[in-house]
Amino acid sequence: LKGLLDCDGVKVADACIPVSRVAVVGGDGKSYIPAALAAGADTFVSGRIGYNTMVEATEMGINLLEAGHFFTEHPVTSFFLALLHRLDREMYIEVRSSNNIRLI
């Protein structure tokens with residue numbers, strides 16, 4: 001996941017469940033964990049999950065990975081940029097592609 005998102009680090013709550021179906025939500029996505037479980041996901045990736053939720057991963061029966069807001073949100077900006085340009089070719093849109101929060 002670090003390589004795919006080009007992020008500095010990933011927090012992992014390993015529920016010891018083999019990974020076969022992954023749900024992904026950009027940004028703060030912990031409220032979507034029940035929907036991911038209902039959809040049959042065994043692994044959930046989000047930008048922000050939170051300590052208490054990560055601790056409860058085994059009880060919930062799902063692997064949790066927290067990769068950071070920027071790294072889970074930035075990959076979809078080009079999709080939304082293209083979508084907005086199809087609606088209005090003259091619309092000015094600026095995408096910031098910098099992240100000043102780093103693990104050291």
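## Cysteines

Let's start with Cys7, which is buried in this predicted model. Its relative accessible area is 8%, and because the cut-off for buried is under 20%, Cys7 falls within that class. Cys16 sits on the other side of the scale: its relative accessibility is 68%, so with exposed set at over 50%, Cys16 counts as exposed.

How many disulfides does the structure hold? The count is 0. As a reminder, a disulfide is a covalent bond between the sulfur atoms of two cysteines.

## The nonpolar core

In soluble globular proteins, nonpolar side chains tend to be buried together. Here the largest nonpolar core has 12 residues, including Ala23, Val25, Ile33, Ala36, Phe44, Ile49, Met54 and Leu64. Two elements give two or more residues to this core: strand 2, covering 22–28, and helix 2, covering 33–38.

Ala23 is one of the core residues. Setting aside neighbours within four places in sequence, Ala23 is in contact with Ala36, Ala41, Thr43, Phe44 and Val45. Among these partners, Ala36, Ala41 and Phe44 also belong to the core.

## Helix 3 up close

Helix 3 runs over residues 51–55 and includes Met54. Met54 is a good residue to click on: it is buried, with a relative accessible area of 12%, and it is a member of the largest nonpolar core. Beyond residues up to four places away in sequence, Met54 touches Lys11, Val12, Ala13, Ile49, Leu64 and Glu66. If you want a distance to check in your viewer, Met54 and Gly27 are 15 Å apart in space, C-alpha to C-alpha, with their positions 27 residues apart in sequence.

Thr53 is also in helix 3. Is Thr53 buried or exposed? Thr53 is buried, because its relative accessible area of 17% is under the 20% cut-off. Leaving out neighbours within four places in sequence, its contacts are Lys30, Ile33, Met60 and Leu64. Leu64 therefore appears in the contacts of Thr53 as well as those of Met54.

## The largest pocket

Now for the open space. The largest pocket holds about 340 Å³ and is lined by 16 residues. Which of them lie nearest its centre? They are Ala67, Gly68, Phe71, Ile101 and Leu103.

Strand 3 (43–48) and helix 5 (69–73) each supply at least two residues of the lining, and helix 5 gives the most, with 3 residues. By class, the lining of this pocket is made of 6 nonpolar, 5 polar and 5 charged residues.

Technical notes
Residues are numbered from 1 along each chain as its sequence is written. This is a predicted model: local features need pLDDT of at least 70, side-chain atom pairs count only at pLDDT 80 or more; totals for chains, interfaces and linings use all residues. Side-chain values use heavy atoms; hydrogens and water are left out. On a 1 Å grid over the protein atoms alone, a cavity is a set of points where a 1.4 Å probe fits but cannot get out, and a pocket is an open set with protein on both sides within 12 Å along at least five of seven lines; lining residues have an atom within 4 Å of a point. Grid points are joined across faces, edges and corners, and a volume is the space filled by probe spheres set on the points. Helices (H or I, at least four residues) and strands (E, at least two) are DSSP runs, numbered from the N terminus. Ala, Val, Leu, Ile, Met, Phe, Trp, Tyr, Cys and Pro count as nonpolar, Asp, Glu, Lys and Arg as charged, and the others, Gly among them, as polar. Buried means under 20% relative accessible area, exposed over 50%, partly exposed in between (1.4 Å probe, protein chains only). Contact means heavy atoms within 4.5 Å. A disulfide is a pair of cysteine sulfur atoms within 2.5 Å. A nonpolar core is a set of buried Ala, Val, Leu, Ile, Met, Phe, Trp, Tyr and Cys residues joined through side-chain atoms within 4.5 Å.
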